[in-house]
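Let's take a walk through a protein model together. Have the 3D view ready and turn it as you read.

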Amino acid sequence: MKLMNYMNLNVHPVQLSFFKNRTHEFEEIFHAHQGMELLIVHEGRGIAIIEQQIVEMTPGAIFCFRPFQLHRLRMYNLPQESYVRSLFVLEPAVLEAALAAFPSLQEFLRKLWKDPLSPQSFQCSDLTALEQLFRLYAPRIEAAIDQGTERLLEEQLLFLTAFIHQVRTGFETTITSQTDLPQVHPRKSSTTAERMLSWIEENYSKPFKLEDLAQAVHLTPNHVSATFRQSIGSTITEYLTARRIRQACWLLKTTDMSVQDIGEAVGLGNFSYFCQLFKKHVGYTPYTFKGMHRYEDLASLTQE
């Protein structure tokens, strides 16, 4: 299973999916996108694992996963309960350029995209109104597919402008709640699984030893492995691999480091194994991935 999805953003910078029923097609995998991902839950309940946090998912929840940010969804009671979502994946620099005439919306986008202190999940203030907006724009976007890429991108950006304008209220309500309450989703102190995720975040670039993780969270190695799989839905090795490949993708896109140096920086010092593992999870060699368009290239294309 590939870790990186929606590589076709290099061809067209926006991909939109409305009211997709994933009840019988859902897969639990850690993954990341080269662009920003906006997820809207219409039906279904579960949790989202966003790096070191575990957040509840309910109808009306909106999630913003930043470029190359590792995440995983776990849905409850499938297929007895339905899971229906809308999903928008985009190169944020392209939308940022389109919002030049709307500075407050542009600033809101930047918070979602770049601000590490901004909430990555919040509740829609009016799900019915938001779904009406989707039903208004979806056929327009579908019709634009046959009218060329420029017209399609125009319709998509018009929709995304209306979308972030509508959901900003829910975001601002969440910010206000954070001021008044300790957490947006009040929970007890960090769970054991979250402490494991935090430890891995601090140590993924080093050789991994299960005993070191077990000692850090005060459990036996066997108990650590079982607790992690039960809470997170994957083995520690699967998550560690996903975290390392995600970081490699980020470094390949944002630095001039050599491919070999990047492999060493993410804890994969065996160069041939790093290249093999990267291609398995991303679908491209590190060299091919490094040569693909960067965000700035895509933004400049929309301005020409």
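Start at Pro-79, which sits in the loop between strand E8 (71–75) and strand E9 (84–90). Keep in mind as you look that this is a predicted model. The peptide bond that runs from Leu-78 to Pro-79 is cis, with omega near 0°. Asn-77 is in the loop between E8 and E9 too, and it has a positive phi of about 55° although it isn't a glycine. Is Asn-77 buried or exposed? Neither, really: its relative accessibility is 42%, so it counts as partly exposed.

Now hop over to strand E2 (residues 14–21), where you'll find Phe-19. Phe-19 isn't a glycine either, yet its phi is positive, at about 50°. With a relative accessibility of 26%, Phe-19 counts as partly exposed.

Next, let's head inside. The largest nonpolar core has 35 residues, and those with the most contacts inside it are Phe-88, Leu-130, Phe-134, Phe-159, Leu-160 and Phe-163. Both strands and helices chip in: the elements giving two or more residues include E2, E9, helix H1 (92–98), helix H3 (127–144) and helix H4 (149–180). Which element gives the most to this core? That's H4, with nine residues.

Zoom in on Phe-159 for a moment. Setting aside its neighbours within four places in sequence, Phe-159 is in contact with Leu-16, Phe-18, Phe-88, Leu-133, Phe-134, Tyr-137 and Ile-141. There's also a second, separate core of 21 residues, and Phe-30, Trp-199, Ala-214 and Val-224 are among them.

Val-224 also turns up in a helix pairing, so to speak, between H5 and H7. The axes of helix H5 (residues 192–203) and helix H7 (residues 221–232) come within 9 Å and cross at roughly 105°. Angles of 65 to 115 degrees count as roughly perpendicular, and H5 and H7 are therefore roughly perpendicular to each other. On the H5 side, the contact is made by Thr-192, Ala-193, Met-196, Leu-197 and Ile-200, while H7 brings Val-224, Thr-227, Phe-228, Ser-231 and Ile-232. Sorted by class, this contact has seven nonpolar residues, three polar ones and no charged ones.

Last stop: the cysteines. Cys-64 is buried, with a relative accessible area of 1%, and Cys-249 is buried as well, at 0%. How many disulfides are there? If you count a pair of cysteine sulfur atoms within 2.5 Å as a disulfide, the count comes to zero.

How values were computed
Residues numbered from 1 in each chain as written. Predicted model: local features only at pLDDT ≥ 70, side-chain atom pairs only at ≥ 80, totals over all residues. Heavy atoms only, no water. Buried < 20%, exposed > 50% of the residue type's maximum accessible area, 1.4 Å probe, protein only. Axes fitted to C-alpha atoms, helices over the stretch in contact; angles between N-to-C directions. Helix = DSSP H or I, 4+ residues; strand = E, 2+ residues; numbered from the N terminus. Parallel < 35°, antiparallel > 145°, perpendicular 65-115°, else oblique. Contact = heavy atoms within 4.5 Å. Nonpolar A, V, L, I, M, F, W, Y, C, P; charged D, E, K, R; others polar. Core = buried A, V, L, I, M, F, W, Y, C linked by side-chain atoms within 4.5 Å.
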